[in-house]
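Trainee: I would like to work through this model with you, one feature after another, and to hear the reasoning behind each answer.

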Amino acid sequence: MDRRKFLKTSLSTLVFANLPKISFSQSNPDIVVIGAGSAGLSATAELIQKGVSVLCIEAMNRTGGRCYSDTSTFGIPIDIGGHWLHGFSENQLAKFGKKHKDKFKIYPENAPSIVYDGKRKVEANELWRIYKELKKIRYTNRTDVPFITLVPEKIKKNSWFDTAAKMVGDARDLDNFSSYDDNVNWYDPGSGDGLCREGYGTLLAYYRKDVPVKLNTIVSEIKWGGKGVQIVTNKGTINSKACIITTSIGVLKAEKIKFSPPLPARKIKALDGISMTYSNRVLMQLKKKFYKSKKIKNDTWFNTKCNSNGVRSPQTYYGSLKMGGSDVSLFGISGQFAKDLGEEGDEATIDFILNDLKSTFGSKFYKKYFIKAKSIAWSKNPFTFGSYTGAIPGKANNLRRELRMPVGDKIFFAGEATALAFSTVHGADRSGKRAATEAYISPALG
Ligand SMILES: Cc1cc2nc3c(=O)[nH]c(=O)nc-3n(C[C@H](O)[C@H](O)[C@H](O)COP(=O)(O)OP(=O)(O)OC[C@H]3O[C@@H](n4cnc5c(N)ncnc54)[C@H](O)[C@@H]3O)c2cc1C
């Protein structure tokens, strides 16, 4: 059975995973969890397990946050955010998925990679050499300076530099990237990457299928000056003893949630030391003959040579072709370039990818192979304002520890930015459990 047929039949048993059961007995719970992404769902599950009265509220009309598999566009679940199961050897969601073999195919990523220089498919030894040099700097340097200042001039002048820079930056441009953040602030016990054929979002939704969530509930203010915490939402005010905030740093920095009284100076300083990074997506369904004619295997990494002549955010992208054996391919655009293109709109973003694909695979690419595409500008989503976080160079020291610190023993923080594993779904999941435990043992609960 091909992936499309398999997913269509098995989807009927999984689709409920995106629709968590909702039962809200207590209007004034002991703890309110704000946000139902990986961290919020985990915090809520942990508190339920500990017997605490808890209410998880979510702004969007769905759970999953930045880890969500969309089924509406291509008829099969396709990740629009988090996709790779990082820290695979110890990733708790991967372990869960493997236990549910009847529902999920979880596999280590050992995908082939193809590189094009214009219309030519190339071995690109130079690209890999430059990439390895940059990676070595990324994983060994602990100085808190803009990464770009650590790169020898000779490497910057190499014609593959722009392509390699995007690969090593992980949504960050090299002038806004501190390798101190990577090497000191994070510790992930797992290694390697894996994939879930049914989508990481589907896996997360099933993992947390029993967690009740109140959807379409947008928090606008947290009043914490008096007794307990009052959470002001578009659906009324909820009184609780404590709350756990799991929204992205982008939401907090944009001051979409007002704190009364304001957050302490140390917290504001930490928020000033971090920024959202940008990783927008184009998902494209292509005709099977494209994959066949180019002999493309499942989950193939795809890069094309880019030369943006030294602009700070190279104008390029990467691809993961034939996702999980389906006819859909993923294209990722990152850094400031992604944000700028996102501002131009979905059509401009899809056109950018299509034009490059035409210059690689021929001017008839669209006519011959294109079926449909969807663009996702996380940078514009008002409930994320970006994809994940990076420390601002020079401000990384002690940053994430401070972001984790509770305020007034009644406002707790979880989520990707507070996690010990770089910008990840499983890191966010662990952070939710950590914050739930902190809240549980805090004086706030009495
Ligand atoms: C394009 C992209 C690719 C990625 N790739 C990977 C990958 O391959 N592997 C990986 O591990 N990670 C990846 N990530 C990162 C990963 O998806 C995130 O780190 C993780 O999902 C974050 O979870 P979270 O719970 O911390 O935050 P979120 O998922 O952002 O959850 C927070 C929730 O809070 C809600 N919220 C916001 N404001 C309010 C409000 N005012 N009131 C109520 N609710 C609110 C939001 O709607 C959201 O649902 C990627 C992310 C993106 C965007």
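Trainee: Which element gives the largest share of the shell around the ligand?
Mentor: Keep in mind that this is a predicted model. The elements that give two or more residues to the shell around the ligand are helix H2 (38-49), strand S16 (279-286) and helix H16 (425-440). With three residues, the largest share comes from H2.

Trainee: Which residues come nearest to the ligand, and how do the residues of the shell divide?
Mentor: The shell divides into 17 nonpolar, 18 polar and five charged residues, and glycine is counted among the polar ones. Of the 40 residues around the ligand, those that come nearest are Gly35, Gly37, Gly65, Gly82 and Gly415.

Trainee: From which domains does the shell around the ligand draw at least three residues each?
Mentor: The domain assignment of the chain gives two discontinuous sets of segments, 3-107 + 193-263 + 407-445 for domain 1 and 111-184 + 276-380 for domain 2. The shell around the ligand draws at least three residues from each of domain 1 and domain 2.

Trainee: How do the residues divide on the side of domain 1 that touches domain 2?
Mentor: The C-alpha centres of domain 1 and domain 2 lie 29 Å apart, and the contact takes 16 residues from domain 1 and 15 residues from domain 2. On the side of domain 1, helix H1 (3-14) and helix H9 (249-253) each supply at least two residues. The residues of that side divide into seven nonpolar, five polar and four charged.

Trainee: Where on helix H13 do its buried residues fall, seen down the axis?
Mentor: Helix H13, residues 346-361, has 16 residues and reaches 22 Å from its first C-alpha to its last, close to the 22 Å expected at 1.5 Å a residue. Its buried residues are Thr349, Ile350, Phe352, Ile353 and Leu357. Seen down the axis of H13, these fall within an arc of 150°, so they line one face of the helix.

Trainee: What covers that buried face, and which residue follows the helix?
Mentor: The cover of the buried residues of H13 includes S16, strand S19 (328-334), helix H12 (335-344), helix H14 (365-369) and strand S20 (370-376). Beyond the end of H13 the chain continues with a residue whose phi is positive, near 110°, and this residue is Gly362.

Trainee: Is Phe361, in helix H13, buried or partly exposed?
Mentor: Phe361 and Lys294 are 67 residues apart in sequence, yet their C-alpha atoms are 9.4 Å apart in space. A residue needs 20 or more other C-beta atoms within 10 Å to count as buried. Phe361 has 17 such atoms, so this residue is partly exposed.

Trainee: How many of the nine residues of helix H6 are buried?
Mentor: The buried residues of H6 run through Phe161, Asp162, Thr163, Ala164, Ala165, Lys166, Met167, Val168 and Gly169. They pack against helix H4 (125-140), helix H5 (153-156), strand S17 (300-304), strand S18 (318-321), S19 and H12. Helix H6 is therefore largely enclosed by the rest of the structure, and its buried residues number nine of the nine.

Trainee: With which residues is Gly335 in contact, leaving aside its neighbours within four places in sequence?
Mentor: Gly335 is found in helix H12, and with 27 other C-beta atoms within 10 Å this glycine is buried. Leaving aside those sequence neighbours, the contacts of Gly335 are Gly169, Ala171, Arg172, Asp173, Tyr278 and Ser313.

Trainee: What is the phi of Asp299, and what is that of Lys322?
Mentor: Most residues other than glycine have a negative phi. Asp299 lies in the loop between helix H11 (288-293) and S17 and is buried, with 23 other C-beta atoms within 10 Å, while Lys322 lies in the loop between S18 and S19 and counts as buried with 24 C-beta neighbours inside 10 Å. Neither is a glycine, yet phi is positive in Asp299, at about 55°, and in Lys322, at about 60°.

Trainee: What is the omega of the peptide bond that joins Ser260 and Pro261?
Mentor: Most peptide bonds are trans. Pro261 has its place in the loop between strand S14 (258-260) and helix H10 (265-272). The bond that joins Ser260 and Pro261 is cis, with an omega of about -5°.

Note on methods
Residues numbered from 1 in each chain as written. Predicted model: local features only at pLDDT ≥ 70, side-chain atom pairs only at ≥ 80, totals over all residues. Near = placed C-beta within 6 Å. Helix = DSSP H or I, 4+ residues; strand = E, 2+ residues; numbered from the N terminus. Domains from an automatic or database assignment. Expected span 1.5 Å × (residues − 1). Buried ≥ 20, exposed ≤ 12 C-beta atoms within 10 Å, placed from the backbone. Arc of directions from axis to C-beta. Contact = placed C-beta atoms within 7 Å.
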